[in-house]
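Grab a pencil and keep the viewer open. Here are a few exercises, each with its solution worked through step by step.

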Amino acid sequence: MSRLKRFLTVLVTLMFSLAAQAGSHINILVYHHVSENTPASTSVSPAQFREHLQLLQDNGFNVVDLESTLAQLQRGETVPDNAVAITFDDGYHNIYDNAWPLLKTFNFPFTVFVATDAIDQQYSDMMSWDQLRDMHQAGVTIANHSSDHGYLVRHQPRDEQWLTSTIANIEHAQERLEEELGSGVPKWLAYPYGEFSDALAERLQTLNYTAFAQHSGGVWSGSDFQAIPRFAAAGIYANPKTLLTKLQSRPMPVDEAQVSDMVTTQSRPELVATLVERNDFAKALNCFVDGAWQDSSWPSDLTFRVQSDTDLGEGRHRYNCTAKARSGDFYYWYSKPWLIYGQQDR
Ligand SMILES: [Zn+2]
């Protein structure tokens with residue numbers, strides 16, 4: 001082999017290996033309780049949690065520091081391949097007692113979102129400020145989950161007065177976190193119950209908050225950074241096999257600016273989603289309304305449409321759509337959360 005040929009071979013190999021290490025998305029997991037004595041729907045047992053961490057380690061996932069990796073995505077930079085981030089909402093005591101020791105064993109970074117009133121009022125099932133400080137000093141990211149963990153957008157009218165008091169609720173929590181923990185608290189919010197509206201998200205954007213919701217799906221550079229999806233991993237979602245399918249999925253590149261508000265009065269909300277591209281989609285799109293298969297259509301090459309054919313009641317609902325990839329054994333994943341609230345139009 002000539003020197004030039006060998007040089008080129010090395011170069012091409014290097015380029016491929018670099019490309020393999022450069023990812024373009026993060027899949028974020030959300031947990032609440034790691035305990036055997038808490039509500040099943042929002043809990044994993046310590047044994048299940050250890051199994052999840054082992055699954056991440058055994059399948060080549062890079063468990064990343066969410067703050068720095070998200071910043072890379074927001075700047076349009078590449079991120080580690082197979083990037084996964086671990087988050088907890090609410091700040092339960094069992095995270096300190098049961099989850100943290102296991103996370104230390106695996107040396108995995110993670111984030112805890114806390115509602116500060118419950119910490120200030122020293123609820124017995126919540127961590128104390130001293131415990132949160134312990135974690136913060138050890139490099140754990142502690143962030144905002146509002147002051148009171150209220151329903152932020154279930155309010156009528158959702159006028160300027162509502163928006164002002166909602167922002168005050170969020171800013172109070174941010175102040176308490178900064179007072180208690182000092183520097184290193186990111187300007188992040190995890191919406192209680194994953195409920196948000198376009199108006200709230202837009203106001204948070206003007207205040208430089210990044211915000212996290214609770215619908216499933218991965219994060220990419222085109223994500224709505226005021227409504228970042230996270231995969232639930234507790235209760236019925238704790239099964240390692242289905243969890244692995246989600247962890248291996250990639251975000252469907254939907255143009256979020258064109259998707260309608262989460263809050264709707266319609267009992268059969270219509271999702272019209274336009275993709276940036278769909279070159280790697282194998283065949284049919286499979287969509288589900290609250291887990292039940294639902295017919296979808298393509299009004300144009302890059303735009304798909306889904307609408308429930310039964311009335312949905314007030315409260316949270318979810319449309320999920322997946323498409324198998326052509327280039328590998330994984331799915332493209334998209335989830336649209338709805339909050340049906342207010343006067344029904346049917
Ligand atoms: Zn919560």
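## Exercise 1: around one core residue

Let's start with Phe49: skipping its neighbours within four places in sequence, it is in contact with Tyr31, Val34, Val44, Phe88, Ala99, Leu102 and Leu103. Keep in mind that this is a predicted model.

**Task.** Work out which residues of the largest nonpolar core touch the most other members.

**Solution.**
1. The largest nonpolar core holds 45 residues.
2. Those touching the most other members are Phe49, Ile86, Phe88, Val112 and Met135.
3. Helix α4, residues 93-106, gives the most to this core: seven residues.
4. Apart from it lies another core, with 22 residues, including Leu312, Phe330, Tyr332 and Tyr334.

As a rule, nonpolar side chains in soluble globular proteins tend to be buried together.

## Exercise 2: two helix pairs

**Task.** Describe how α4 packs on α6, then do the crossing of α2 and α9.

**Solution.**
1. For two packed helices, you want the angle between the axes and the distance between them.
2. The axes of α4 and α6 (residues 129-137) are 10 Å apart, at an angle of about 40°. That makes α4 oblique to α6.
3. The crossing of α4 past α6 is left-handed. On the α4 side you'll find His93, Ile95, Tyr96 and Trp100, which meet Gln131, Asp134 and Met135 of α6. By class, that contact has four nonpolar, two polar and one charged residues.
4. Now the other pair: the axes of α2 (residues 46-58) and α9 (residues 240-248) come within 11 Å and cross at roughly 45°. So α2 is oblique to α9.
5. This crossing of α2 and α9 is right-handed. Glu51, His52, Leu55 and Leu56 of α2 make the contact with Pro240, Leu243, Leu244 and Leu247 of α9. Six of the residues in the contact of α2 with α9 are nonpolar, one is polar and one charged.

## Exercise 3: backbone oddities

**Task.** Find where Pro157 sits, and say whether Asn208 is buried or exposed.

**Solution.**
1. Recall the background: most residues other than glycine have a negative phi, and most peptide bonds are trans.
2. Gln156 and Pro157 are joined by a cis peptide bond, with omega about -5°. Pro157 sits in the loop between β9 (141-144) and α7 (160-181).
3. Asn208 isn't a glycine, yet its phi is positive, about 65°. Look for Asn208 in the loop between α8 (198-206) and β11 (210-212). Its relative accessible area is 59%, so Asn208 is exposed.
4. Asp290, also not a glycine, has a positive phi of about 50°. Asp290 is in the loop between β17 (281-289) and β18 (292-294). With 43% relative accessibility, Asp290 counts as partly exposed.

Methods
Residues numbered from 1 in each chain as written. Predicted model: local features only at pLDDT ≥ 70, side-chain atom pairs only at ≥ 80, totals over all residues. Heavy atoms only, no water. Axes fitted to C-alpha atoms, helices over the stretch in contact; angles between N-to-C directions. Helix = DSSP H or I, 4+ residues; strand = E, 2+ residues; numbered from the N terminus. Parallel < 35°, antiparallel > 145°, perpendicular 65-115°, else oblique. Left-handed = near helix turned anticlockwise from the far one by under 90°. Contact = heavy atoms within 4.5 Å. Nonpolar A, V, L, I, M, F, W, Y, C, P; charged D, E, K, R; others polar. Core = buried A, V, L, I, M, F, W, Y, C linked by side-chain atoms within 4.5 Å. Buried < 20%, exposed > 50% of the residue type's maximum accessible area, 1.4 Å probe, protein only.
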